[in-house]
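Okay everyone, thanks for coming. Let me put the structure up on the screen, and then I'll walk you through a few spots in it.

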Amino acid sequence: MPESVNTSALDKSLLAGEENVKDDRPAMIKVDHVSMVFNMASEQLNSLKEYAIKIARRELFFEGFTALDDVSFEVKKGDVFGIIGTNGSGKSTLLKIIAGVLEPTKGTCEINGNIAPLIELGAGFDPDLSARENIYLNGALLGYSKSFIDEHFDEIVEFAEIERFLDMPLKNYSSGMVARIAFAIATVIVPEILLVDEVLSVGDFMFQRKCEDRITELIEKHGVTVLIVSHSNDQIARLCNKAVWIEKGHTRLMGEAESVCRVYGGLGGRTGSEESEQRVFEALCRLDEVEVPEDACVVVSGENADSTNAKLVLRGWDCQDMDTVVFACSATHANALMANALASVFDAPVLPLNPNGMPDSIERILYDAKPERIVFIDCGNKAEQASLLFDQLPWATEVVRLCNDGDLYELSSRVFEYGMLRKLWPEDKVALVHFSDNLESLAAAPFFYKRKCPVLIVASDSGDKTDDIASLVQRFSVEQVVAFGPSIRSVADLLSQKGCSLFLIGAEDASRSCFEINEFIFGLSDGMPFDAPELCLAQRSMTQWLELFACGGYAARRGTSLLMVDNTSLDSLSDCLEFISNQHRLKKLVFVGSRTSFAKRDRDMFCSVLKGNELE
């Protein structure tokens with residue numbers, strides 16, 4: 001698939017605090033409509049002879065690659081100016097043009113002052129020479145005289161912290177130690193302009209801090225103008241007062257560093273339509289104007305997936321009221337789906353059981369609750385040994401095991417029959433999902449729990465189960481089959497042909513399916529609406545389903561749903577913003593999963609469109 005990356009300029013006027021204030025400071029760097037085009041040969045040639053022959057025969061063609069396209073900006077005296085952008089966007093090319101290494105194809109670059117370029121640390125070092133010899137060699141390449149190096153030698157060695165290893169060959173040094181020496185040599189003078197290209201990301205943590213401190217000293221004590229290229233959004237926001245975002249050679253946004261970095265953090269590297277990007281951009285800009293109340297955002301996140309589930313259970317249930325606890329083997333999400341459906345009839349939580357044992361956070365809940373009944377669901381008997389703990393508990397409890405050797409449909413139909421024969425479930429609905437619709441079916445879990453709806457699961461390797469499903473539905477007089485997700489469509493069509501009353505929720509696109517399922521659950525109006533003032537959100541990622549075992553039951557008990565958001569897609573983020581803004585009763589968003597799933601910027605952006613809190 002072609003890469004869908006937006007490169008058009010964003011409206012700078014939407015950024016708060018971007019008034020056009022007259023700035024009389026002299027311009028140290030003036031980049032004026034600079035473009036850079038590289039010629040790439042149509043084929044690889046291995047010798048000068050081949051090159052000459054191709055040229056003579058007119059068989060050699062070049063294709064122009066535009067690394068920079070009409071880029072313009074000014075860096076004033078005393079500015080700390082940041083350049084950000086995704087890989088291959090032309091940041092380093094631009095810095096080399098400013099340093100005089102490259103000549104632009106079009107436009108001009110005016111420099112007013114002497115430059116110290118920190119572009120490629122360690123370039124020109126000889127690995128067979130000692131560190132002492134390389135200090136003089138590299139200093140000479142940078143234009144320093146021998147007397148200058150003599151005068152500052154001790155300062156360079158002290159900064160690099162290599163006193164004990166001065167006479168050791170450089171080839172025995174680590175890359176981080178080489179970077180220390182190179183940085184110390186390059187910054188021993190006080191330039192008027194300092195160019196820094198990703199050098200703050202090399203070396204160990206303490207060295208990075210030392211580099212930052214040296215650059216800060218040059219800025220604050222000597223008024224050095226600094227131009228920094230970095231992939232670290234936080235670093236640019238922290239060190240710089242101005243920034244420009246360049247994407248695939250085009251200028252997207254320029255202004256105050258903090259605002260530009262916030263927008264880049266929300267849009268950079270994400271793909272989607274221009275309309276979706278504009279909506280997300282406006283929401284990011286709006287963060288300057290809206291103060292998000294602390295109680296509008298809740299993050300449920302533990303040290304691992306098990307502790308996250310434990311926290312969900314403790315938020316949703318009182319341990320003293322747990323007569324029943326339903327355990328599901330964490331080897332597959334399918335166990336969680338069946339568990340959520342069955343747990344609903346007991347008003348019980350769903351807890352994960354790992355094949356290698358019970359996590360401490362889960363065991364504490366079990367011992368605090370001391371339930372009278374434990375139901376264990378395990379397709380494939382993956383946690384058979386671990387489940388022996390249930391028989392050794394120091395209090396009397398009924399243990400119900402619903403397990404098999406690995407047939408998903410067989411186990412899900414057995415769980416269905418278990419509930420039907422005991423009249424635990426109403427006879428109006430049964431849910432149907434496909435095993436491959438992992439995240440879509442987890443998004444439907446609050447429906448299973450809220451509506452006390454059993455779920456049947458089919459898989460690609462389970463063969464045609466439509467006759468079995470139709471027979472089961474007729475046997476128990478089920479009124480309707482509710483199918484969730486895109487992969488279940490073919491099965492649903494066959495069931496419909498067999499006379500089953502069918503309701504299908506889920507678009508062909510997996511990401512959009514999660515939203516349609518969520519909209520369906522939130523819009524239920526037949527006596528059991530999902531209308532709580534809060535909404536659960538989780539990342540639509542295959543790595544997160546382990547954290548969502550208990551989320552279906554938690555969301556249902558809170559009267560809400562689980563919205564799965566694709567963090568890499570601007571379209572998904574835009575859909576999420578629209579959904580939240582249209583739910584006027586919402587006052588709180590509950591983000592489930594590790595804190596890295598949703599950056600604080602994204603959490604604030606979603607919370608800023610809540611209307612129940614009257615944030616507008």
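Let's begin with R262: its relative accessibility is 14%, under the 20% cut-off, so R262 counts as buried. Keep in mind throughout that this is a predicted model. You'll find R262 in helix α8, which covers residues 257-267.

So what does R262 touch, if we skip residues up to four places away in sequence? The list is L284, C285, L287, D288 and R601. With L284 there's also a polar contact: the R262 side chain reaches that residue's backbone oxygen at 3.2 Å.

L284 and C285 take us to the next helix, α9, where both of them are buried. Others buried in α9 include V280, F281 and A283. And what do the buried residues of α9 pack against? That would be β9, α8, α19 and α20.

A quick check on α9 itself, residues 274-286. At 1.5 Å a residue, its 13 residues should span 18 Å, and the end C-alpha atoms are 18 Å apart, so the two agree.

Now, over to the sheet. It's an open one with four strands, in the order β10-β21-β19-β20, and the pairing is parallel. Which strands stand at the edges? Those are β10 (297-300) and β20 (562-565); each has a single partner strand, so one side of each has no neighbour in the sheet. From one strand to the next, the twist averages 25°.

If you zoom in on β19 (residues 534-539) and β21 (residues 588-592), you'll see the two run parallel, joined by four bridges. Look for L537 there, with F591 of β21 standing opposite.

Two helices to point out here. Helix α10, residues 305-316, packs on the sheet and touches β10 and β21, with its direction at about 130° to that of β10. Then there's α20 again, residues 600-607, lying across β10, β19, β20 and β21 and running at about 150° to β21.

Last stop: a helix pair, α11 (residues 333-346) and α14 (residues 438-450). Their axes come within 8 Å and cross at roughly 10°. Angles under 35 degrees count as roughly parallel, and therefore that's what we call α11 and α14. Which residues make the contact? From α11 they include H333, L337 and N340, and from α14 they include N438, S441 and L442.

That's my tour, thanks for listening.

Key:
Residues are numbered from 1 along each chain as its sequence is written. This is a predicted model: local features need pLDDT of at least 70, side-chain atom pairs count only at pLDDT 80 or more; totals for chains, interfaces and linings use all residues. Side-chain values use heavy atoms; hydrogens and water are left out. Buried means under 20% relative accessible area, exposed over 50%, partly exposed in between (1.4 Å probe, protein chains only). A polar contact is a pair of N or O atoms within 3.5 Å; within protein, one must be able to donate a hydrogen and the other to accept it, and residues adjacent in sequence count only if both atoms are side-chain atoms. Contact means heavy atoms within 4.5 Å. Two strands pair if DSSP finds at least two bridges between them. Axes are lines fitted to C-alpha atoms, for helices over the stretch in contact, and angles run from 0 to 180 degrees between N-to-C directions. The expected span of a helix is 1.5 Å times one less than its number of residues. Angles under 35 degrees count as roughly parallel, over 145 as roughly antiparallel, 65 to 115 as roughly perpendicular and the rest as oblique.
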